[in-house]
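Please walk me through this protein model. I am new to it and would like to know how its parts fit together.

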Amino acid sequence: MAPKTPQIKYKRIVVKLGTSLLTGGGASLDLNIISSLTAQLSSLHNRGAELAVVTSGAVASGRAKLGLTKKIKGIPYKQVLSSVGQSHLMYTYEKLFEPQNITVAQALLTRADLCDRAGYLNGRNTLLALIELGVISIINENDVVAVEELQGSRFGDNDNLSAMVANLIDADLLLILSDISGLYTANPSLHPEASLIPEVKKIDENIFALAGRSLGGLGTGGMLTKLQAAKMATACGISVIIAKGSEP
């Protein structure tokens, strides 16, 4: 008798993948890491989970695609890198999900899209229709026409965008994956004695005070924007997990 497949705890899940995770801390996309993540997502999908992925990594992908070894300052250049990198990023996801016969769809959003009622409803209807068809939406900020994230003040390296998407599609869980295991009592890189906080029941000023700046320098977010996203999502009744994406 074949063993029963474990029941999934959360039915509809938004998964946010950060730049530092997708590049493994390097300058370009790490295909081994992305392959591992897509394999786990495919397993969840095949067990009946409804998934939407909010991904970073377009700028890093574009920089590698153009063979640039150092950062170029200026918003227009970052928009160019994002434009070049976005197609490569989508191609990577498509190729990795293809062996599992999983179709992916690209969705580029801006804060203005979700703050406008018509845009909000159109985005919601499209994403829910894709879920109904068994398609995994790969969502990113539209850096070509919106520059707030590139300036470090937009959705916050897609953290806050992921919370807005979770609310948009009535998700059960927002899973924020990065290169750190979660919220610590202090910056673990500077304070080895710092301990991981396993559960936060209320996000208040004391919790926000524990958030430090992003250490990798690749993304525009950090623990602060992850906590902002968590507060936004939990206020809508959505469970939130912040975890290290390199762990199974």
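The paragraphs below go from the whole chain to its helices and then to its salt bridges.

Start with the overall picture. This is a predicted model. The protein has nine helices and six strands. It counts 248 residues, and 44% of them are buried. Now look at the contacts between residues with a separation of 6 or more. Residues 24 or more positions apart account for 73% of these contacts.

Turn next to helix α3, which spans residues 58-65. How many of its eight residues are buried? Six of them are, so α3 is largely enclosed by the rest of the structure. The buried residues are Ala58, Val59, Ala60, Ser61, Gly62 and Arg63. They pack against three elements: helix α1 (19-23), helix α4 and strand β4 (136-141). After the helix comes Gly67, and its phi is positive, near 70°.

Ala64 also lies in helix α3, but Ala64 is not on the list of buried residues. Its relative accessible area is 35%, so Ala64 is partly exposed, because buried means under 20% and exposed means over 50%. Setting aside residues up to four places away in sequence, Ala64 touches Ala27 and Ser28. Another residue to find from here is Val84. Ala64 and Val84 are 20 residues apart in sequence, and their C-alpha atoms are 9.8 Å apart in space.

Val84 leads to helix α4, since Val84 is one of the α4 residues that make the contact with α3. Two packed helices are described by the angle between their axes and the distance between the axes. For α3 and α4, the angle is about 90° and the axes are 6 Å apart. The two helices are therefore roughly perpendicular to each other. From α3, the contact uses Ala58, Val59, Ser61, Gly62, Arg63 and Lys65. From α4 come Lys78, Leu81, Ser82, Val84, Gly85, Gln86, His88 and Leu89. By class, this contact has five nonpolar, six polar and three charged residues.

Helix α4 runs over residues 75-97, and α4 also packs with helix α2, residues 31-46. Here the angle is about 50°, and the axes are 10 Å apart. That angle makes α2 oblique to α4. The crossing of the two helices is right-handed. Which residues of α2 and α4 make the contact? From α2 they are Leu31, Ile34, Ser35, Thr38, Leu41 and Ser42. From α4 they are Thr92, Tyr93, Leu96 and Phe97. By class, the contact of α2 with α4 has six nonpolar, four polar and no charged residues.

Pick out Thr92 in helix α4. Is Thr92 buried or exposed? Its relative accessible area is 7%, so Thr92 is buried, the limit being under 20%. Leave aside its neighbours within four places in sequence. Thr92 is then in contact with Leu29, Leu31 and Ile34. Thr92 and Leu29 are 63 residues apart along the chain, yet their C-alpha atoms are separated by 9.3 Å.

Now to the charged side chains. How many salt bridges does the structure hold? There are six. One of them pairs Lys16 with Asp159, with the closest N and O atoms 3.0 Å apart. This pair links distant parts of the chain. Lys16 sits in strand β1 (residues 12-17), Asp159 sits in helix α7 (residues 159-168), and their positions lie 143 residues apart in the count along the chain. Lys16 is buried, with a relative accessible area of 0%. Asp159 is buried too, also at 0%.

Other salt bridges have partners with more accessible area. Glu98 and Lys95 meet in one, at 3.5 Å from N to O. Glu98 counts as partly exposed, at 42% relative accessibility. Lys95 counts as partly exposed as well, at 39%. Lys201 forms a salt bridge with Glu199, and their closest N and O atoms are 3.4 Å apart. Both Lys201 and Glu199 are exposed. Salt bridges can also share partners, and such sharing joins Lys16, Asp159 and Lys226 into one network.

Definitions and conventions: Residues are numbered from 1 along each chain as its sequence is written. This is a predicted model: local features need pLDDT of at least 70, side-chain atom pairs count only at pLDDT 80 or more; totals for chains, interfaces and linings use all residues. Side-chain values use heavy atoms; hydrogens and water are left out. A salt bridge is a side-chain nitrogen of Lys or Arg within 4 Å of a carboxyl oxygen of Asp or Glu. Helices (H or I, at least four residues) and strands (E, at least two) are DSSP runs, numbered from the N terminus. Buried means under 20% relative accessible area, exposed over 50%, partly exposed in between (1.4 Å probe, protein chains only). Axes are lines fitted to C-alpha atoms, for helices over the stretch in contact, and angles run from 0 to 180 degrees between N-to-C directions. Angles under 35 degrees count as roughly parallel, over 145 as roughly antiparallel, 65 to 115 as roughly perpendicular and the rest as oblique. A crossing is left-handed if the near helix is turned anticlockwise from the far one by less than a right angle, and right-handed if clockwise. Contact means heavy atoms within 4.5 Å. Ala, Val, Leu, Ile, Met, Phe, Trp, Tyr, Cys and Pro count as nonpolar, Asp, Glu, Lys and Arg as charged, and the others, Gly among them, as polar.
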